[in-house]
Amino acid sequence: MEEAEKEPKKDASAEEFVALSDFTASGSDQLSFLCGDRLLVHARPCEDWWWAELREDMVGYVPASHLLQCRISTRTDSPTLDTGPVPREKEEGLEDKAEPGEQEEDLEDPWQDVEYFGSYGTLKLHLEMLSDRSRTEAYRQVVLNNRDFLRDKVVMDLGCGTGIISLFCAQLAQTAKVYAVEASPIVEYTRRLVRQNDCEDVVCVLQGRAEQVQLPQRVDVLLSEWMGNCLLFEFMVEAVLLARQRWLAEGGVMWPSSAALLLVPCQAHSFYTETMTFWERPYGLDFSPLQPLAQQEFFTKPKFSHVLEPQDCLSTPSEVLFLNMYTLTVQDLEEMEGQFDFLVDTPGDFHGFCAWFTVGFESLQPGGEAVQLDTGPFSEPTHWKQTLFMLDSPVSVHQGESIRGSIVLRRNPTWRRHLSITFDWVHYSPSENQYKIGSKTFPMWR
Ligand code: SAH
């Protein structure tokens with residue numbers, strides 16, 4: 001630092017950097033900062049020491065080796081850490097795949113990041129998630145059950161939101177370091193929450209897309225709450241898989257370690273009555289010509305946030321997909337197929353299929369208990385509830401009949417957070433020795 005002139009002038013073209021680790025000043029001309037702090041570098045008088053500003057009037061020399069440059073990403077409305085090539089191959093051939101009539105600005109953002117991360121920048125979703133006790137407690141329990149294993153380990157909390165899971169790690173398990181990565185603007189508050197809870201020595205909050213973030217080291221544990229409706233919707237899981245490849249140390253731990261999609265044929269009388277039967281005679285008038293429109297409007301897309309009553313299951317639910325989080329690849333996400341063979345044990349009206357997921361967290365403590373988060377109708381309700389796929393019209397089913405077939409989840413080649421789900425099935429009635437074939441595809445949302 002000897003070569004550097006004292007207090008160089010502020011440079012109008014100052015550039016933003018993020019601190020990769022803490023630094024404590026050893027002289028009055030140096031500036032202390034914490035891992036995750038954002039600094040404006042005004043001058044680079046020598047290779048190793050730069051003149052930077054932390055907050056207004058907090059300026060000084062900082063070691064260049066502790067900093068990583070931020071570039072403004074074109075894909076989000078907030079700055080992201082961009083240190084290398086974007087790992088996604090999705091832009092290629094976009095124009096060929098674009099749907100007619102789509103807005104040009106949409107085409108530039110097939111991940112719809114502005115909208116997606118924008119929604120996580122407000123408290124509404126965080127309130128919903130944090131008030132979901134069975135979800136949040138499951139993560140807390142994983143940390144608590146494995147606290148001996150976690151002590152002194154390095155963790156990445158991918159999509160940390162308000163930082164709740166990172167704070168569990170720091171406070172309940174004394175991890176050595178948690179890299180809490182978050183791309184939405186809530187991250188400004190996450191930093192404050194980490195400080196407020198005295199965890200700034202352990203939790204390093206990094207703003208940016210996990211796919212682009214640069215960590216100073218590999219991690220022992222990759223933790224994330226990435227699940228969406230029907231498990232995969234919004235495909236945050238892709239970021240987790242890319243981070244596994246880049247940042248998980250050999251032999252490192254994935255939490256969740258596995259995930260499964262479950263399905264059951266079900267009745268949905270109240271939803272059917274509210275949306276379809278309603279048009280038969282409202283106020284004594286025949287509004288039935290609106291029924292085809294109702295079918296189009298309410299039954300062509302899945303119904304999120306459906307609460308399936310256990311007695312509306314027409315059979316025992318079955319696992320149709322199982323994902324091993326150590327071996328699953330991004331390519332696998334393009335198309336996933338599962339089979340089902342339901343034996344009807346409750347006679348009733350087969351209105352549709354209902355889906356939900358479970359995730360499992362393996363135990364790393366000798367003899368310890370694995371944790372499972374189950375979002376199904378037989379467990380404590382979660383904010384995901386269940387997802388309902390209505391048939392065009394109900395089918396009467398009887399005990400002993402079977403509904404056998406397949407479910408295929410196809411990721412939209414353009415709109416990377418979207419997918420379609422196709423059900424193909426055969427309904428067999430042994431008493432009538434009759435087979436009826438059914439098929440229906442649901443876009444989610446494109
Ligand atoms: N871990 C928090 C929030 C979970 S919601 C909790 O348990 O309460 C998922 C979070 O991941 C959101 O805040 C979202 O903005 C963030 N996220 C999603 N994809 C991301 C990505 N690719 N990189 C960084 N953050 C991401």
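This passage goes through the overall make-up of the model, its cavity and pockets, one covered helix and a few backbone oddities.

The structure is a predicted model, so local features are kept only at pLDDT of at least 70 and side-chain atom pairs only at pLDDT 80 or more, while totals for chains, interfaces and linings use all residues. Residues are numbered from 1 along each chain as its sequence is written, and side-chain values rest on heavy atoms, with hydrogens and water left out.

The protein has eleven helices and 20 strands; these are DSSP runs, with H or I over at least four residues for helices and E over at least two for strands, numbered from the N terminus. Of the 446 residues, 53% are buried. Here buried means under 20% relative accessible area, exposed means over 50%, and partly exposed covers what is in between, using a 1.4 Å probe and protein chains only. The accessible surface adds up to about 20800 Å², and carbon and sulfur atoms hold 50% of that (Shrake-Rupley method with a 1.4 Å probe; for residues, only the protein chains shown count as cover). Among contacts with a separation of 6 or more, 72% join residues 24 or more positions apart, a contact being heavy atoms within 4.5 Å.

On to the empty space. Cavities and pockets were found on a 1 Å grid over the protein atoms alone: a cavity is a set of points where a 1.4 Å probe fits but cannot get out, a pocket is an open set with protein on both sides within 12 Å along at least five of seven lines, and lining residues have an atom within 4 Å of a point. Grid points are joined across faces, edges and corners, and a volume is the space filled by probe spheres set on the points.

The whole structure turns up one cavity of 30 Å³ or more, and the largest cavity has a volume of about 80 Å³. Its lining is made of Leu-34, Cys-35, Gly-36, Asp-37, Arg-191, Val-194, Arg-195, Glu-200, Val-203 and Val-205. Two elements, α8 (187-196) and β8 (203-207), give two or more residues each, and α8 gives the most, with three. By type, the lining splits into five nonpolar, one polar and four charged residues, where Ala, Val, Leu, Ile, Met, Phe, Trp, Tyr, Cys and Pro count as nonpolar, Asp, Glu, Lys and Arg as charged, and the others, Gly among them, as polar. Domain 1 (3-69) and domain 2 (117-225) both contribute to this lining, so the cavity lies between them; the domain bounds come from an automatic or database domain assignment.

The second largest pocket, with a volume of about 200 Å³, is lined by Gly-36, Asp-37, Arg-38, Leu-54, Arg-55, Glu-188, Arg-191, Arg-192 and Arg-195. Helix α8 supplies the largest share here, four residues. Charge dominates the lining: seven residues are charged, against one nonpolar and one polar. This pocket, too, lies between domain 1 and domain 2, because both give residues to its lining.

The largest pocket holds about 1100 Å³ of space. Its lining takes in 48 residues, with Tyr-116, Ser-119, Tyr-120, Leu-125 and Glu-234 nearest the centre. Elements giving two or more residues are α3 (113-119), α4 (123-131), β6 (154-158), α7 (164-173), β7 (177-182) and β12 (303-306), and α4 has the largest share, with six. The lining comprises 23 nonpolar, twelve polar and 13 charged residues. Domain 2 and domain 3 (259-444) both give residues to it, so this pocket lies between those two domains.

Helix α9 (residues 237-247) is mostly covered, with nine of its eleven residues buried. Among the buried ones are Glu-238, Arg-244 and Trp-247. The cover includes β6, β9 (219-224), β10 (248-255) and β18 (402-411).

A few backbone details stand apart. The peptide bond from Trp-255 to Pro-256 is cis, with omega near -5 degrees, and Pro-256 sits in the loop between β10 and β11. Strand β11 (residues 258-266) contains Ser-258, which is buried at a relative accessible area of 17%. Leaving aside residues up to four places away in sequence, Ser-258 touches Phe-322, Leu-323, Met-325, Thr-358, Val-359 and Gly-360. Another cis bond runs from Met-444 to Trp-445, with omega near -15 degrees; Trp-445 lies in the segment after β20 (434-444).

Cys-230, although not a glycine, has a positive phi of about 55 degrees. Cys-230 is in the loop between β9 and α9 and is buried, with a relative accessible area of 5%. Ser-305 also has a positive phi of about 55 degrees without being a glycine, but Ser-305 belongs to strand β12 and is partly exposed at 38%.
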